[in-house]
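Visitor: I should like a close look at a single part of this molecule, namely its sheet. Please describe how the sheet is built and what packs on it, and then place that part within the chain.

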Amino acid sequence: MPRIPLEDNFTDVIGKAQRGYGLSDEALAAKAEVTAAELAALQAGEIIEPALRAVARALHLGGDALVVLARHGWYPEQPIFKRGFAMFNTAFEDMTVNSYLLWDPRSRLAAAFDTGANAQSMIDTIAGENLTLRHIFLTHTHDDHIADLDRLAQATKAEVWASELEPSDYPGAKVFQENAHFHLGELALKTLFTWGHSPGMTTYFVTGLSWPLAVVGDSIFASSMGGSPTHYEAQLRHNKQKILSLRQDTVLACGHGPLTTLKQEKQHNPFFTR
Ligand SMILES: [Fe+2]
């Protein structure tokens, strides 16, 4: 798979934090003690380091991480899974979206996490690896993540599951509460409610593969997180309490952008390095 670009650049991160705190440009410039022109230049992508650090402080973002992001100075080291893991990256309108397939190598039982724009490669992998798809777990029900749900569910007869808090109009979808447990052969999976970007955004924490794995949807991205203009602080809090508190070697499988790890995000994600 070609290298997937980071989902957000530094102007996206600033925009998400600014909208999250409900700050107008005027209010942000005043809070950061930068001029309106400096703020406008930053928002247009110009790197003025002192102003960038001041805006980071005003938005409770990590200044060092934001500067590194602006200078394209970091890309997450990609963890390798020997078996039982496949990532799919498909184009949806002008962006790309990720979906994942996990399986127990012994029993060949599998679970899908979202469908992306097009589930054909996933369906091919299920056939090629001789897997039985038991569950389709939804991180959330925004269009890009479930665009091919009908086809995947009909092709595999797998059960569709989502959070009880997430709106879903998929007929027959089953709902879980927080801390629900599922098992697929040797794999164990637990649901964590990390809402904010969507009302029922779910992180699935999976053990039994090469690394502990959190399928986080749009809760968090490599060096960014999903936008949540109306529940920004809840999204930050859930990410800190429920994702960043997982085991240090946990791999994060994000809804957009590359894979990352909890340890790397603690050093490089501007939202969590203030
Ligand atoms: Fe989303």
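Guide: The description below begins with the sheet and then turns to the rest of the chain. The model is a predicted one.

The sheet is open and has six strands, arranged in the order 1-2-3-4-5-6 with mixed pairing. Its edges are formed by strand 1 (85–92) and strand 6 (174–176); each of these has a single partner strand, so one side of each has no neighbour in the sheet. On average, neighbouring strands are turned by 25 degrees against each other, with direction ignored.

Within the sheet, strand 3 (residues 109–113) pairs with strand 4 (residues 132–137) in the parallel sense, over five bridges. In this pairing, Ala 112 has Ile 136 of strand 4 opposite. Two helices that pack on the sheet may be considered next. Helix 6 (residues 120–128) touches strand 1, strand 2 (95–103), strand 3 and strand 4, and its direction makes about 15 degrees with that of strand 2. Helix 8 (residues 149–156) also packs on the sheet, where it touches strand 3, strand 4 and strand 5 (159–163). The direction of helix 8 makes about 150 degrees with that of strand 4.

As for the chain, the domain assignment gives domain 1 (10–70) and domain 2 (85–272). The C-alpha centres of domain 1 and domain 2 are 30 Å apart. Contact between them involves 13 residues of domain 1 and ten residues of domain 2. On the side of domain 1 that touches domain 2, the elements giving two or more residues are helix 1 (10–20) and helix 5 (63–70). Helix 1 gives the most to this side, with five residues. By class, this side of domain 1 has eight nonpolar, two polar and three charged residues.

Helix 4 (residues 49–58) offers a view of helix packing elsewhere in the chain. Its axis comes within 10 Å of that of helix 3 (residues 36–43), and the two cross at roughly 90 degrees; helix 3 and helix 4 are therefore roughly perpendicular. Glu 38, Leu 39 and Leu 42 of helix 3 make this contact with Ala 51, Leu 52 and Val 55 of helix 4. Five of these residues are nonpolar, none is polar and one is charged.

The axes of helix 2 (residues 25–32) and helix 4 come within 8 Å and cross at roughly 105 degrees, which makes these helices roughly perpendicular too. Here Leu 28, Lys 31 and Ala 32 of helix 2 meet Ala 54, Val 55, Arg 57 and Ala 58 of helix 4. This contact has five nonpolar, no polar and two charged residues.

Key
Residues are numbered from 1 along each chain as its sequence is written. This is a predicted model: local features need pLDDT of at least 70, side-chain atom pairs count only at pLDDT 80 or more; totals for chains, interfaces and linings use all residues. Axes are lines fitted to C-alpha atoms, for helices over the stretch in contact, and angles run from 0 to 180 degrees between N-to-C directions. Helices (H or I, at least four residues) and strands (E, at least two) are DSSP runs, numbered from the N terminus. Angles under 35 degrees count as roughly parallel, over 145 as roughly antiparallel, 65 to 115 as roughly perpendicular and the rest as oblique. Two residues are in contact if their C-beta atoms, placed from the backbone, lie within 7 Å. Ala, Val, Leu, Ile, Met, Phe, Trp, Tyr, Cys and Pro count as nonpolar, Asp, Glu, Lys and Arg as charged, and the others, Gly among them, as polar. Two strands pair if DSSP finds at least two bridges between them. Domain bounds come from an automatic or database domain assignment.
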